[in-house]
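Subject: The structure we talked about

Hi there,

Here is the structure I promised to pass on. Have a look at it first, and then read on for my notes.

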Amino acid sequence: MTAFPVVPRAAAVTADSMLAHDHQAAAATRTDDVSVALVGCGPRGLNVLERLVHRARTHRLRGTVHVIEPGPLGVGVHHRGQPEYLRLHTPADRLTAFTDPQMVDGGGVAGPSLYAWARGRGLTVREPTGDETPVRPDHHLPRAMLGEYLAWAARTIVAAAPAGLRVLHHRATAVDVVPAVHRGGERVVLNNGGVLGVTHVVLAVGHTGAVPMAAPGGADTTNGHWIADPYPLPGTLDGIPPGATVALLGAGLTCADVVAAVTVGRGGRYVRDGVGCLRYLPSGREPALVLLSRSGLPARARPRPSARPPADAAHLTFCAVQRLRSLCTGRALDFRRDVLPLVEREMRHRYAARATALGEDPGGLGHGFLDELVRGTIPRHRLASYHHYRTWYAHYLGDDLREAELGLDGSPLKYSLEALSDLREELRRAVDEPGLTAESTRYFFGSFAAAVSRTVIGPQPERNAELLALLAAGVARPGPGPAARVGWHAGARSWAITSTELAVPAVDRADHLVAARTAAPAVLSSLNPVIRSLYDKGRLRCRLAGDLVLGADVTRVGRPVGGDGRVQHRLFVLGPLAEGSSYYNHYVTAPGAPSRAVADAQRAVECATRP
């Protein structure tokens, strides 16, 4: 195995809790090339820090980077105290904190991927059955392990800074950013009373936290009947007693986390039967789970990866999007009219190509599947009764799991679906300015983005295999069909769950209701004090699409647009909060392929360090 050097922990910061006051920073900005405050340093902030270090090395820049992060650099929400059953949703070999020449021209600070780092240390991972195995490239590792890797990577990146660049880690929280009255620049106010004077501020605050979702009307919110945010797990669920019935709103990645927390997190375990199928052995401490979602569809499992790089696009290409732009002469595109036909043709092309290579019928991607993708519909005969729906639900999960196990090389269906992930940069080109019409922006970030999340950004195959085992064991069950109505029954002090689309009406009940979905980052609901202050002062505005409120309105280089339409030239907003101005801003950085996250960070850094 490859051994990687251990960077001393002290190298992670040049100074800890050091504060630069206005008069000190003003003097520095007259002579230094770099005077930047980085607010937030999780994985996306680490991209920015790496770009700053690399640019200082290649351009012989001097100055100071103030990194404002209360926790260890790079880690973000991947803190090292999380239980092992909380896993990453991305394979180990598709995660890196470093930069190679394939990600962006010129590369950057080099280092191992998460997989190479874990293998170099001889780490193992626990399978659903409890067996320990060496880390594989396709393993979905514990989030705590990623936290260890990110902390190590942050120390490595800071240690690579040239002598003229100071990186100061302020273990504090930024509460405000205000323009400096004299000499220009910005002043960053910290919760410990410190004030930092800089020329530019980069906000990489991640998902920012959100105002808790309100309970459905009239609900009793005491005694855990309504849990608006399940994180941090498992503590938020400790008040749910064994045997209680818990309804989960959402069928995606947050739901998978909650299910793990109340099953294996409470002592349950999985075993293989005589034919290799997974069975769940309850501990007796589990609640009963009711799975609810608007579409009524479970999330599809991610496929086993391919060793081959993805094929070039045939229909949804950069040139095709550019042609659409030229035909519209700078006007916004209509996604359903202009772009969605290219998406469908691309998926059909991929299906036919892979099916032909496998000697299968190339016409197998029927309209039924595209109906599911585009409209999220379930065949009507599957909704004749709850029995019909429940039977179909388990078969759907099982069929999809078999396709996932075949992987991208063996499943034409999964190979065609993967176009939605492989070609996300082409989709971004359609969303980037001048963007989409207001109506199709609403559709894209609403129905279409939700369908993409459900079909290609779902859980690892092991999670859906576990869900099938839970269904078979009677620990979990689907709710009464799509778009079920949930209401609080005060007399029974429980939730009534009523079908709206089953031909034969059905009703279920639950003692507790959990919002098992993560709200998209938004300015108005953000709990981050800097975001709230910038919005209140008119320096940041929301991106709107009809009645849909998206993230911050930012320019192509990440500068926020204020309430009066003026661009804030000394501020940058990167990461999930920019969703709406662009697309797929929450994805992780993968090695060996062009990276939008790194490119966005580089654009902001170039602007912030330009003479």
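Which residues in H9 meet which residues in H14? Please keep in mind that this is a predicted model. On the H9 side they are Tyr393, Ala394, Leu397, Gly398, Asp400, Leu401, Ala404 and Glu405, and on the H14 side Pro461, Asn464, Ala465, Leu467, Leu468 and Leu471. Sorted by kind, the residues of this contact are 10 nonpolar, two polar and two charged.

To find the two helices, look for residues 386-410 for H9 and residues 461-473 for H14; their axes come within 10 Å and cross at roughly 150°. Since angles over 145 degrees count as roughly antiparallel, H9 is roughly antiparallel to H14. The crossing in which H9 passes H14 is left-handed.

Next, a hairpin. Strand S13 (residues 269-272) and S14 pair in the antiparallel sense, with four bridges between them. Five residues lie between the two strands, and one residue in the turn, Gly276, has a positive phi of about 90°. If you want a landmark across the pair, Tyr270 stands opposite Tyr280 in S14.

S14 (residues 278-281) is also worth a look for its side chains, which alternate. Leu278 and Tyr280 point to one face and are buried, while Arg279 and Leu281 point to the other face and are not buried. This fits the general pattern: in a regular strand, side chains alternate between the two faces of the sheet.

There is also an open sheet of three strands, in the order S17-S18-S19, with antiparallel pairing. Strand S17 (485-489) and strand S19 (507-510) are at the edges with a single partner strand each, so one side of each has no neighbour in the sheet. From one strand to the next, the twist averages 25°. S17 and strand S18 (residues 494-498) are joined by five bridges, and Val486 has Ile497 in S18 as its bridge partner.

One last residue: is Ala144 buried or exposed? Ala144 belongs to helix H4 (residues 143-159). Its relative accessible area is 13%; because buried means under 20%, Ala144 counts as buried. Apart from neighbours within four places in sequence, Ala144 is in contact with His79, Arg80 and Gln82. Gln460 is 316 residues from Ala144 along the chain, and their C-alpha atoms are separated by 17 Å.

Happy to go through any of this with you over a coffee.

Best wishes

Terms used: Residues are numbered from 1 along each chain as its sequence is written. This is a predicted model: local features need pLDDT of at least 70, side-chain atom pairs count only at pLDDT 80 or more; totals for chains, interfaces and linings use all residues. Side-chain values use heavy atoms; hydrogens and water are left out. Axes are lines fitted to C-alpha atoms, for helices over the stretch in contact, and angles run from 0 to 180 degrees between N-to-C directions. Angles under 35 degrees count as roughly parallel, over 145 as roughly antiparallel, 65 to 115 as roughly perpendicular and the rest as oblique. A crossing is left-handed if the near helix is turned anticlockwise from the far one by less than a right angle, and right-handed if clockwise. Contact means heavy atoms within 4.5 Å. Ala, Val, Leu, Ile, Met, Phe, Trp, Tyr, Cys and Pro count as nonpolar, Asp, Glu, Lys and Arg as charged, and the others, Gly among them, as polar. Buried means under 20% relative accessible area, exposed over 50%, partly exposed in between (1.4 Å probe, protein chains only). Two strands pair if DSSP finds at least two bridges between them.
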